[in-house]
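Open your viewer, switch to a cartoon view and keep the selection box handy. We will walk through a few helices and then stop at a single side chain.

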Amino acid sequence: MHHMRDVLISWGPLGLLIFAIIENAGPPTPGGTDFFLLFLAAARPGDAMLCAGLAALGSLIGSAIFFEIVRQGGEKLLVRYTSTGRGQRFRDWSRRYGLVTVFVSALVPLPILPFKVFVACAGAMGVTRSRFMLVLTPARILRYAALAYLGQQVGENSGAWLSSHFWYLAGLATFIGLALWGLVRRAERRRVAAHYNEGSLL
């Protein structure tokens with residue numbers, strides 16, 4: 001573990017950017033960019049926010065590539081990522097809650113919320129590029145800014161801190177998801193009501 005950390009730190013901020021692009025464009029991986037960022041922020045606290053920005057940029061570029069691949073592959077790739085019972089459940093969540101699932105999984109670093117599956121669902125279901133990036137960008141900026149700050153302040157114990165606060169993060173993800181879902185439902189009701197009122201006036 002220490003050897004891997006030293007290797008990642010030696011790659012520096014540019015290495016973090018490239019790593020984030022590759023990780024987000026390729027097959028699902030267990031939060032490699034998160035740990036890379038934590039290591040770098042702890043080793044180079046003065047560059048923590050620069051590293052956060054590069055991690056976010058790399059994540060956005062890689063996710064955009066993955067999103068386009070899924071859009072082109074359509075239903076076949078969606079089946080690949082949602083063929084199991086658990087995957088089917090995530091697919092149902094995506095159909096019900098829409099881009100809220102992308103925002104929450106992109107914001108909160110929890111393995112129980114597989115970001116790539118929700119991106120695959122969004123791409124295969126025909127979500128536009130602009131809407132996808134509009135939702136993803138603030139989530140990634142907030143996530144990596146928070147992780148960089150954690151690495152800057154806590155240092156090498158950042159990973160242990162995340163593990164010890166797992167359930168707090170799970171609760172936060174649930175709260176954010178429910179709040180966003182409530183906002184989406186409210187907006188939908190207003191849209192339906194406005195459409196009904198317009199029809200009544202005709």
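**First stop: α2 against α8.** Select both helices; their axes come within 7 Å and cross at roughly 40°. An angle between 35 and 65 degrees counts as oblique, so α2 is oblique to α8. The crossing in which α2 passes α8 is right-handed. To see who touches whom, show T33, D34, L37, L38, A41 and A42 on the α2 side, then R143, Y144, L147, A148, L150, G151 and Q152 on the α8 side. Colour this contact by residue class and you should find eight nonpolar, three polar and two charged residues. Please keep in mind that you are looking at a predicted model.

**Second stop: α2 against α3.** Keep α2 (residues 32-43) selected and add α3 (residues 48-73). Here the two helices pack at an angle of about 160°, with their axes 9 Å apart. Because angles over 145 degrees count as roughly antiparallel, α2 is roughly antiparallel to α3. This is a right-handed crossing of α2 past α3. From α2, pick T33, L37, L40 and A41; from α3, pick A48, C51, A52 and A55. The class colouring now gives seven nonpolar residues, one polar and no charged ones. T33, L37 and A41 deserve a label, as they belong to the contact with α3 and also to the contact with α8.

**Third stop: along α8.** Hide the other helices and select residues 129-154, which form α8. How far apart are its end C-alpha atoms? They lie 37 Å apart, which agrees with the 38 Å that 26 residues should span at 1.5 Å a residue. Next, show the buried positions of α8: F132, V135, L136, A139, R140, R143, Y144, L147, A148, L150 and G151. While you look at their spacing, recall that an α-helix has 3.6 residues a turn, so residues three or four places apart point the same way. Among these buried residues, R143, Y144, L147, A148, L150 and G151 are ones you met in the contact with α2.

**Last stop: F132.** Zoom in on F132, which sits in helix α8. Is F132 buried or exposed? Its relative accessible area is 0%, and buried means under 20%, so F132 is buried. Which residues does F132 touch, leaving aside those up to four places away in sequence? Select S63, F67, L99, V102, V119 and V127 to see them. Finally, draw a distance from F132 to L99: the two are 33 residues apart in sequence, yet 7.4 Å apart in space, C-alpha to C-alpha.

Methods
Residues numbered from 1 in each chain as written. Predicted model: local features only at pLDDT ≥ 70, side-chain atom pairs only at ≥ 80, totals over all residues. Heavy atoms only, no water. Helix = DSSP H or I, 4+ residues; strand = E, 2+ residues; numbered from the N terminus. Expected span 1.5 Å × (residues − 1). Buried < 20%, exposed > 50% of the residue type's maximum accessible area, 1.4 Å probe, protein only. Axes fitted to C-alpha atoms, helices over the stretch in contact; angles between N-to-C directions. Parallel < 35°, antiparallel > 145°, perpendicular 65-115°, else oblique. Left-handed = near helix turned anticlockwise from the far one by under 90°. Contact = heavy atoms within 4.5 Å. Nonpolar A, V, L, I, M, F, W, Y, C, P; charged D, E, K, R; others polar.
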